[in-house]
Amino acid sequence: MGGGGGENEISVRLTRAASRKRAATCTASTQTPPANKKRVVLGELTNIVVSTRSDFGGTQKKPKNRLKRKEPEKKVEEEEEKSDGGKSSDPQMCAPYASDIYNYLHSMEIESKRRPMPDYIEKVQRDITATMRGVLVDWLVEVAEEYKLVPDTLYMTVSYIDRYLSSNALNRQKLQLLGVSCMLIASKYEEISPPHVEDFCFITDNTYNKEEVVKMETDILKVLDFEIGCPTTKSFLRRFTRSTQENCKSPNLQMEFLGYYLAELSLLDYSCVQFLPSMIAASVIFLTRFTIQPKLHPWNLILQQCSGYKPSDIKDCVLIIHEIQSCKKLGSLVAVRDKYKHHKFKCVATLASPSEIPTAYFEDVEV
């Protein structure tokens, strides 16, 4: 572990919503930033708890058109905004195969080679803390937004980070390098037009050069034994969301986006590493339904049969995510909250759930 208490100060410069808005009004959308402009830097991390947003500082500008990708190829937002409530043309959502696909994904998620250690920071890491991990993931959320990456890329990135740190002690100065290298691998796996290595160097203000990123990429792939395909919370959340709306004539976009919001919040919390992705997805659905209709029981037999989880199974996970949603935990990490305050996501980050979840809601539903 690094130094404790108030002995160190965090010096972190991240891209923030305010600076992006200023940059958007001052820079033409087709203009590439000059090479000498300062870019987003995570900087040196210590293990002191981040208490306020002002700790981050920074006035960096958005990398306009650094990636020349074809917008018509980006289909994820359209998929999310035009969900058909379980009647999707996506083969992975077809009813005849849905159960088999889910069973296969569940068998994959429980394989030890695809799972991080639930206590790797305590047992493996000596210079990295849960707070540092949260700051890194918070920054990567913004990087994914800047480069318009699909949500699966972000989830894959965090999975690679946790799996790598489960078996390799890392110096805090290399933590950001690990983050961008994991996102590079995830982008190659998920994206149609992935960012180049140079783009990930650029987003760190060239703190790391191309050779360092490629070397770290190689190390990560060796540690993962090239097992880079794995189900994530988003994989299961798609199925559970459609199951909860299967009797609806039209999709409830507010419910969908609220689920995506809570799922991304869970990425920030180290304590969620202990849970399987399918359990986090089920907990997100539970909390989403509770937030929108707190007086109705958020679980039912359809969800129990679809997910394989009873309310008592997901209680601990639900309570952790509820604390994050209520800003009782990780309140200083606001990248996800800012992202889902936008109108395109129905401003779901502004929704609040009751401060307490009735104990009766965690009693098992009788089959």
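Okay, let's start with a term: a residue is called buried when its relative accessible area is under 20%. Keep that one in your head, since it comes back a lot. And a reminder before anything else: what you have on screen is a predicted model.

So, straight to helix α10, where the term pays off. Eleven of the twelve residues of α10 are buried, so that helix is largely enclosed by the rest of the structure. Which residues of α10 are the buried ones? Reading along the helix, you get Thr233, Lys234, Phe236, Leu237, Arg238, Arg239, Phe240, Thr241, Arg242, Ser243 and Thr244. Have a look at that list and you'll spot Lys234, Arg238, Arg239 and Arg242 among the buried residues. The geometry of α10 is well behaved too: twelve residues at 1.5 Å each should span 16 Å, and the end C-alpha atoms are 16 Å apart, which agrees.

Let me zoom out for a second. The protein chain has 15 helices and zero strands. There are 367 residues in the chain, and 53% of them count as buried. Take the contacts with a sequence separation of 6 or more: 84% of those join residues 24 or more positions apart. On the outside, the chain exposes about 16,700 Å², with carbon and sulfur atoms supplying 51% of that.

Back to helices, because two others go with α10. Helix α7 runs over residues 175-190. Of its 16 residues, 13 are buried, so α7 is also largely enclosed by the rest of the structure. The length check works here as well: the 16 residues should span 22 Å at 1.5 Å a residue, and the ends of α7 are 22 Å apart, C-alpha to C-alpha, which agrees.

Then there's α6, residues 151-165. How many of the 15 residues of α6 are buried? The count is 15 of 15, so to speak a full house. From first C-alpha to last, α6 reaches 22 Å, close to the 21 Å expected at 1.5 Å a residue.

And α6 leads us to the part I suspect you'll want to poke at: the cavity. The count comes to one cavity of 30 Å³ or more, and its volume is about 310 Å³. It has 21 lining residues, and the closest to its centre are Arg115, Ser159, Asp162, Thr233 and Pro277. You've met Thr233 already, as one of the buried residues of α10. Which helix gives the most to the lining? That's α6, with four residues. Helices α6, α11 (253-268) and α12 (277-292) each supply at least two residues of the lining. By class, the lining has eleven nonpolar, four polar and six charged residues.

Now a few individual residues. Gly229 sits in the loop between α9 (210-223) and α10. Is Gly229 buried or exposed? Its relative accessibility is 16%, so Gly229 counts as buried. Leaving out residues up to four places away in sequence, Gly229 touches Met108, Arg114, Met156 and Tyr189. Tyr189 is 40 residues from Gly229 in sequence, while their C-alpha atoms are 8.0 Å apart.

Next, some backbone angles. Most residues other than glycine have a negative phi. Asp205, though, has a positive phi of about 60°. It's in the loop between α8 (197-203) and α9, and at 15% relative accessibility Asp205 counts as buried. Lys346 also has a positive phi, near 60°. Lys346 lies in the segment after α15, and at 39% relative accessibility it counts as partly exposed.

Let me finish in that segment after α15 (335-339), with two more residues. Ile357 is there, and with a relative accessible area of 9% it is buried. Its contacts, apart from residues up to four places away, are Phe286, Leu287, Phe290, Val318, Leu319, His322 and Phe362. Ile357 and Thr291 are 66 residues apart in sequence, and 9.8 Å apart in space, C-alpha to C-alpha.

Thr359 lies in the segment after α15 too, but Thr359 is exposed, at 60% relative accessible area. Between Thr359 and Lys315 there are 9.4 Å in space, C-alpha to C-alpha, and they are 44 residues apart in sequence.

That's my tour, so over to you for questions.

Definitions and conventions
Residues are numbered from 1 along each chain as its sequence is written. This is a predicted model: local features need pLDDT of at least 70, side-chain atom pairs count only at pLDDT 80 or more; totals for chains, interfaces and linings use all residues. Side-chain values use heavy atoms; hydrogens and water are left out. On a 1 Å grid over the protein atoms alone, a cavity is a set of points where a 1.4 Å probe fits but cannot get out, and a pocket is an open set with protein on both sides within 12 Å along at least five of seven lines; lining residues have an atom within 4 Å of a point. Grid points are joined across faces, edges and corners, and a volume is the space filled by probe spheres set on the points. Ala, Val, Leu, Ile, Met, Phe, Trp, Tyr, Cys and Pro count as nonpolar, Asp, Glu, Lys and Arg as charged, and the others, Gly among them, as polar. The expected span of a helix is 1.5 Å times one less than its number of residues. Buried means under 20% relative accessible area, exposed over 50%, partly exposed in between (1.4 Å probe, protein chains only). Contact means heavy atoms within 4.5 Å. Accessible areas come from the Shrake-Rupley method with a 1.4 Å probe; for residues, only the protein chains shown count as cover.
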